[in-house]
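Visitor: Hello! Could you walk me through this model, one question at a time?

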Amino acid sequence: MGNSGLKQHYETAKKTGVLKISQKKLNEFPSSLKQLEPLLRTLDLSENRLTSIPNEIGSFKLLKHLNVNQNRITSLPESIGDLTKLESLSVCTNKLTLLPQTLSNLLNLKQVYLSDNQISEFPLMFCGLKHLDVLDVSKNKITEVPAGVSNIHVTELNLNQNQVSKLSESIADCPRLKTLRLEENCLQLSAIHERILADSKISVLALDGNLFDMKAFTEADGYDKYMERYTAVKKKMF
């Protein structure tokens, strides 16, 4: 799609601060986007053929929402850490293997969606972000949830369809974690520490499709305490 085809989108974006150019077969970040630098709050480049995001993305200082789902992106630039107003980041269904540490600068992040990539290490750079509510790293290649996770402030953490076999008991110390999704991983029942069940704030713990029978899970130490929280939350919903 040539720049002439983008012109109408740009004119609209100048009025609204929102630019959506998905499904346009874009192979690269349009250089003409620079004209919207001081205006853009929402940028949607999903369902294209992008393989990278240029360093210039860091100049879009007003950006609150960035969606580059369903591209072919292999890495994010360090300059993404300059988008200090960013509230939501969606990079699902790409080819990411690593994430830049500069993501830890994004203090206003509320939602991060990184499902369906090639990430193999738990992204600890999101720890300490106090406004982050949801982190979705499902469908990746993460094998371990390390001790540093205790400082993540999300209310929901989605690790479904990874290769997690080690789960640090310090996840019980997460200050706001209510929903933990670990379906279709490589966990033995022994990996679910009693503290996670008895002493955490987790009220929804999704564990189907691991290396143990869910009936055995109901007999685990701390299960009764977990069920008290689960039931209390369910009662509030009705």
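Visitor: How much area does the protein expose, and what share of it do carbon and sulfur atoms supply?
Guide: Happy to help, and please keep in mind that this is a predicted model. The exposed area of the protein comes to about 11,600 Å². Carbon and sulfur atoms supply a share of 47%.

Visitor: How many helices and strands does the protein have?
Guide: Let's begin with the overall frame: along its principal axes, the C-alpha trace spans about 65 × 35 × 30 Å. Of the 238 residues, 47% count as buried. As for the elements, the protein has four helices and 11 strands.

Visitor: What span should helix α4 have, and how far apart are its end C-alpha atoms?
Guide: Helix α4 covers residues 223-237, which makes 15 residues. At 1.5 Å a residue, the expected span is 21 Å. The end C-alpha atoms agree with that, as their separation is 21 Å.

Visitor: Which residues of α4 are buried, and what arc do they cover around the axis?
Guide: The buried residues of α4 are Tyr223, Tyr226 and Arg229. They lie on the same side of α4, because the arc they cover around the axis is only 125°.

Visitor: Which residues are exposed on the other side of α4, and what do the buried ones pack against?
Guide: On that other side, the exposed residues are Asp224, Glu228, Lys235 and Lys236. The buried residues of α4, in turn, pack against α2 (194-198), β11 (204-206) and α3 (214-217).

Visitor: Is the pair of phenylalanine 217 and tyrosine 223 stacked or edge-to-face?
Guide: Both partners are buried, phenylalanine 217 at 3% relative accessibility and tyrosine 223 at 15%. Their ring centres are 5.2 Å apart. The planes meet at 80°, and over 60 degrees is the range that counts, so the pair is edge-to-face.

Visitor: How many aromatic pairs does the structure hold, and which residues form one aromatic cluster?
Guide: The structure holds six aromatic pairs. One of them joins phenylalanine 212 and phenylalanine 217, with ring centres 6.4 Å apart and planes at 45°, so that pair is tilted. Phenylalanine 212 is buried too, with a relative accessible area of 14%. The members of the one cluster are Phe212, Phe217, Tyr223, Tyr226 and Tyr230.

Visitor: How many disulfides are there, and how far is cysteine 127 from the nearest cysteine sulfur?
Guide: A disulfide is a covalent bond between the sulfur atoms of two cysteines. The cut-off here is a sulfur pair within 2.5 Å, and the count comes to zero disulfides. For cysteine 127, the nearest cysteine sulfur is that of cysteine 174, at 7.5 Å.

Visitor: Are cysteine 127 and cysteine 186 buried or partly exposed?
Guide: The cut-off for buried is under 20% relative accessible area. Cysteine 127 has 15%, so this residue is buried. Cysteine 186 has 32% relative accessibility, so its class is partly exposed.

Visitor: Where is valine 134, and which residues does valine 134 touch?
Guide: Valine 134 sits in strand β6 (residues 134-136). At 17% relative accessibility, this valine counts as buried. Leaving aside residues up to four places away in sequence, the contacts of valine 134 are Lys110, Gln111, Val112, Tyr113, Val154 and Glu156.

Conventions. Residues numbered from 1 in each chain as written. Predicted model: local features only at pLDDT ≥ 70, side-chain atom pairs only at ≥ 80, totals over all residues. Heavy atoms only, no water. Helix = DSSP H or I, 4+ residues; strand = E, 2+ residues; numbered from the N terminus. Expected span 1.5 Å × (residues − 1). Buried < 20%, exposed > 50% of the residue type's maximum accessible area, 1.4 Å probe, protein only. Arc of directions from axis to C-beta. Contact = heavy atoms within 4.5 Å. Phe/Tyr/Trp six-rings, centres within 6.5 Å; stacked < 30°, edge-to-face > 60°. Areas by Shrake-Rupley, 256 points an atom, 1.4 Å probe, with all protein chains shown as cover.
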